[in-house]
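Biologist: I should like to learn how to read a ligand site. May we take one model as an example?

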Amino acid sequence: MKVEASAPGKCILFGEHAVVFGQPAVAVAIEQRIQVSIEAIEGEDWKLEGMRFDPKKHPHIDTLRHRLWPSEAGAPALSIQVNGDIPRASGLGSSAALSVAASAALRAARGRWLTEQGSGTEMWAEGYASTINDTDAYGSNEGPKVGLRPSKVQHKSILCSGVEAVNEDECALLSHAVEASAQGGRASPMDASTCAHGGILLLSDVIEEDANHLYQRQLEMSDATRTWQLHELTVPKGGDEVYLVIGNTGVHAPTSAQVAKVARAIERNPERMKEIETIGVISRRGILALKQGDFEAVGRAMTENQVMLQGLGVSCPELDALVRAAAPSALGAKLTGAGGGGCMVALTRDPKATSEAIELAGGRTLISTFGNDGLRVEMAQGVPFWSPA
Ligand code: MEV
């Protein structure tokens, strides 16, 4: 009995932080991935990397366990292994990739009850999806026995398992819920959805033309209810001639603290919302350029976005130094993710020169192309691991 799933990291071209306030943003899945494998074990104690699992240290996995793996219903203890090449706490979506891969592995191993044969959510007798409004994915772990949540559709007639049971929207939704709880209730669905679907993700306050609309997400935050429209963008013509060079400062900065810092700055001075709106305007320009395959203009929008992020106070000297080093050989460069440390990204036609310049300035680099795969179920043996009622 073994299931393995993997998900890519992500890198943000425009709009981080502003997207938490509902402004448009674009993220791309990178080549670097996280693999999660699970095996059923005897006894009650879960294991992570061979050590006893501590829910306080791994709230992401614990929240997913409550949603998908109820021991009350006979779900066995699991041994979990996590591998991959996405640096942790560096703005590359390692926690979202972990949540997406873990939720896919749990769903593949648990299976899903359907009301009748078919693939659409209308056939589901249980689960979480944008089209099912009774979802309690965002609830607390202390709430109802969410993993046992009775379905509105009473008859469960077919149990499917393995890759067939896995749904990208469900994994993205659960991962967004996990990210939101880890970020003190403030998180956009950008990281979770990019890691689940792969490719290029566009978030907007409206349904966009020339983009494949996926679904709407909504989250109640302390100050307002935010709504995002999520879309997939196809890789524009010429997208195979540009590269993303990611430079890691090696400075760890937790996303939750950076997101809280921006929220506090705006609470203290609501006038600063104008800066958030300006990032939105820059993102819009960048999105148009991306749709047209005008990578010079995409790069310029990235660089302008960096100036605004510096003003917001989420860059840092280490990031600024790597951005400066990349500039001469790149079309544009900026921090990516929450900032305060972590990574920057440069868009370039000359990845070797850009990577060397960043390394010389003290950064460790990764190179990625556009349009990488989203979540994948790599292996599903002996599924389902148990028979959910
Ligand atoms: C983190 O990768 C991106 C932020 O915009 C936070 C979020 O979108 O939840 C800083």
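The dialogue below turns to the ligand and the domains.

Modeller: This is a predicted model, in which local features need pLDDT of at least 70, side-chain atom pairs count only at pLDDT 80 or more, and totals for chains, interfaces and linings use all residues. Residues are numbered from 1 along each chain as its sequence is written, and side-chain values use heavy atoms, with hydrogens and water left out.

Biologist: How many residues surround the ligand, and which are the closest?

Modeller: A residue is near a molecule if one of its heavy atoms lies within 4 Å of it. Here 13 residues surround the ligand, the closest being Lys10, His17, Gln183, Ser188 and Asp191.

Biologist: Which polar atom of Ser188 lies by an oxygen atom of the ligand?

Modeller: A polar contact is a pair of N or O atoms within 3.5 Å. An N or O atom in the side chain of Ser188 is 2.6 Å from a ligand oxygen atom. For Lys10, a side-chain N or O atom is 3.1 Å from an oxygen atom of the ligand. In His17, a polar backbone atom is 2.9 Å from a ligand oxygen atom. The ligand taken alone exposes 300 Å², and the protein buries 98% of that (areas by the Shrake-Rupley method with a 1.4 Å probe).

Biologist: Where does the ligand lie relative to the domains?

Modeller: Domain bounds come from an automatic or database domain assignment. The ligand lies between domain 1 (2-12 + 29-198 + 375-381) and domain 2 (239-368), because both give residues to the shell around it. The C-alpha centres of these domains lie 30 Å apart. Their contact (heavy atoms within 4.5 Å) takes 14 residues from domain 1 and 18 residues from domain 2.

How values were computed
A polar contact is a pair of N or O atoms within 3.5 Å; within protein, one must be able to donate a hydrogen and the other to accept it, and residues adjacent in sequence count only if both atoms are side-chain atoms.
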